[in-house]
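Here is a short report on one structure, to be read with the sequence and coordinates side by side. Have a look at the picture first, and then follow along.

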Amino acid sequence: MAKLFEYQGKDVIKKFSVPVPNGRLCRNVDEALEFFRKLKSPVVLKIQLWKTGRKKIGGVRFAETEEELASHFKDMMGMEVDGFKVDSILVEEKLNIKKEFFAGIIVDDRASKPLVLFSSIGGTGIEEIARENPGAVVKFHVDIIDGLQPFMVREKLVETGLEGKELVKTADVIVKLYRAFREYDARSLETNPLVLTEDGRVVAADCHMVIDDYAVYRHKDLGIEIAREFPRPPTELEKIAYRVEESDYRGTFYFIQMVEDVPPDGKHIGFHGAGGGGSMMSMDAVHNGGLIIANFTDTSGNPPASKVYRAAKIILSQPNNVGYFASGSGVASQEQFNSARGFVKAFLEEDIDIPAVLRLGGNYEELAIEILDRYLKSQGYKVEGYGKDTSPDECIRVLKDMMGEKPVFHKVRPVEEYEPEGDEYKFETMTGKVFINHRVCVDCEEKPCIEACSRYGVLKLEEGRPVLALEREEVKKGKCTECLACEIACRFHGKGGLHIVLPIEGLKEYREGLIEHNR
Amino acid sequence: MSIIVDSTTRVMVQGITGREGRVRTKLMKEYGTNVIGGVTPGRGGQEVEGLPVFNTVKELVDNLGTPDATCIFVPAPLVKDAALEAIFNGIKFLLIVPDRVPLHDVLEIKAYAERFGARFIGPNTLGVLSPGKGVLGMIGGRAKTAREWFKQGSVGVSSRSGGITSAISYYLSREGIGLSTIVHVGGDAVVGLPHPEIMKMFQEDPETEAMVMFGEIGTSQEEQVAELVKSGVITKPIVAYIGGKGAREGTRFSHAGAIVEGGRGTRESKIRALKEAGVRVVDEFMDIPKAVKEILGK
């Protein structure tokens, strides 16, 4: 989920006229001092991290003098919490608090409606408040068609003992928060505390906002880099994978590392799942077999072969793994030969040095297994393909057998890019380029590339040379599905004059760094 | 009998001229589903698989009568519009296939569906299939494989994972256990008809003798099923499996989420609730067919 930092959340609710403290996000002490001098009143400093309980770890501090401010600022900038380094601090006016409330809006999945939560006691966790002071808490659903009117909120707030101006003002703020929640596709929006100040203002002293990942595209102004929840900053490899995911809408691709540096303990394997449920079931089998997944990957939703290829290349960028396991539900509706060809291209390029078990059960599984057998296993690689009638547990037993007593630890190779001769015939696909060296094609009698492409009809023969049968624009837009069949056919049944280049931005440099580091 | 779809269900396809729409229309037709036509705004007058294409749902309804169900295959950002178009035109059952539909759009669709007395499966669903009768969506991939994999019988399947819907159904069929209807409820946090609703439908279906439910961590769907069993609303036997044993504990919801769910949503809490209600929970996925056989006394 795309979580916003406190200052980002406050920027959002400010647009809906929710009062927030006068403040500034500061990246260095000079900025903080400048703000303090202008404000001329005590301030609070808050680290900007997704972490509750910041006070306990010294992430929230108060300052009344320039010296105090500078000293706290320097201390706090050095902090590291859960792998995140503090790189900015929100400096705000210190509020004169009369009362603290809690106000939040979340999506209640059970009722499938927004749920407003309010407590006339705030500051601590809402769960504690509800336990200790149930009378202070109200919650009510909102009909998303009717929306939230101020009277609806007032009717509920009186139950918690609110009255007078604070009743009216608080209800007004909650309605504005609801508008922000709706407009920005929030999964949750909480202010804890919502503060009633001595001078009678109702101010959001804190703000936690989580945007729905699937709606981030509607809110480009938020500048969310990776619309996904990470318990820590994303690793370099995860960023590379995310760029692949983002740049190709066909099918799903998800990659997360369980460990950034795989220990050479002979237990870690690269994991390549397909589909949420099937991946989980397959991970259970890994776990039951006493092995550990180094990463979690999911390519599903009928991805093109090129996407599976890139996923495999990224998984094989993790050194020290002793095996590779791909498995989904086993009875996939997607066309499994695409995945098979993705694996073939990746494993051949990588000259894969560890055993792999690929369970590609489902639609066209016979063809998928045949592809693996023919182009990997028969070529001497330790690769086994299975279908729906082989369980994940059986696959893991096979993988462990293949690993043997003394497993091989995967070594990451430099990325080798195909360098075409200057005058090769070439065309672009959705995410890559195809090069055909017609000088090689002259000696090729079979022309297996044409047969391999017959399903899509992108290639045709012209004066004995394979060329595009369709408009370049159409091909680039997706008429070529990047199924990789032509390249594999050319390599094994032709003369090897056809090459498909599917770049992965940043992977070459990443691997160079890794190899340098391990030297 | 079966639930949601059989050979008499009149089905339209929204987004019928798109890549997915075309392929899945072919699958549905070849499997025997009664697909009557489709809609793609701006493509009225064309034909797909010999079926008429209309610009609007209203046009289709005026020409062919109101379909019983629609299958939506438009891109995620356009789903809300397509779903509301169907609901406002009186269609009472929607299958929403696309993944990544914004949550607030789903909330709106659900609110309007309730107002108009419509129901929907999805989003992010592979679909619904009643063996030998009909399929909505894309279960099986091709009619040939769908026929091979899924045998007709009396066990209802409901799953939160698409692949697992097919997997459970195939492994049951392989063991000689036939199926009444198989349902992928959809993978998202908020779906139209979650497990408890599907279980109630199976309860009322005379052909269904027992149910299999595949659950996952997150949401309170499985706990709700446990409540229905406990309170006697559901009396037919259920075999349940909850995935995610090896999954690392994710950061789950906000604090406010916890107060609503009251500690629900973990694998352990789901298993506990189901077992307490007397539901048969199996520990290994591959034990599902055996457990179903025992329950059916086969």
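## Two domains and a sheet

The centres of domain 1 and domain 2 of chain B, taken over C-alpha atoms, are separated by 25 Å; the domain bounds come from an automatic or database domain assignment. This is a predicted model, in which local features need pLDDT of at least 70 and side-chain atom pairs count only at pLDDT 80 or more, while totals for chains, interfaces and linings use all residues. Residues are numbered from 1 along each chain as its sequence is written, and chains are lettered from A and ligands numbered from 1 in the order in which they are written.

Here are the two domains of chain B and what each gives to the contact (C-beta atoms, placed from the backbone, within 7 Å).

| Domain | Residues | Residues in the contact |
|---|---|---|
| domain 1 of chain B | 10–121 | 21 residues |
| domain 2 of chain B | 127–296 | 19 residues |

On the domain 1 side, α1 (19–31), β5 (69–72), α4 (103–116) and β7 (119–121) of chain B each give two or more residues. Helices (H or I, at least four residues) and strands (E, at least two) are DSSP runs, numbered from the N terminus. The residues of that side divide into 14 nonpolar, three polar and four charged, with Gly counted as polar.

Now to chain A, where four strands form an open antiparallel sheet in the order β2-β7-β3-β4; strands pair if DSSP finds at least two bridges between them. β2 (23–26) and β4 (60–63) of chain A are the edge strands, each pairing on one side only. Within the sheet, β3 (residues 43–47) of chain A pairs with β4(A) over four bridges, and A:Leu45 has A:Arg61 of β4(A) as its bridge partner.
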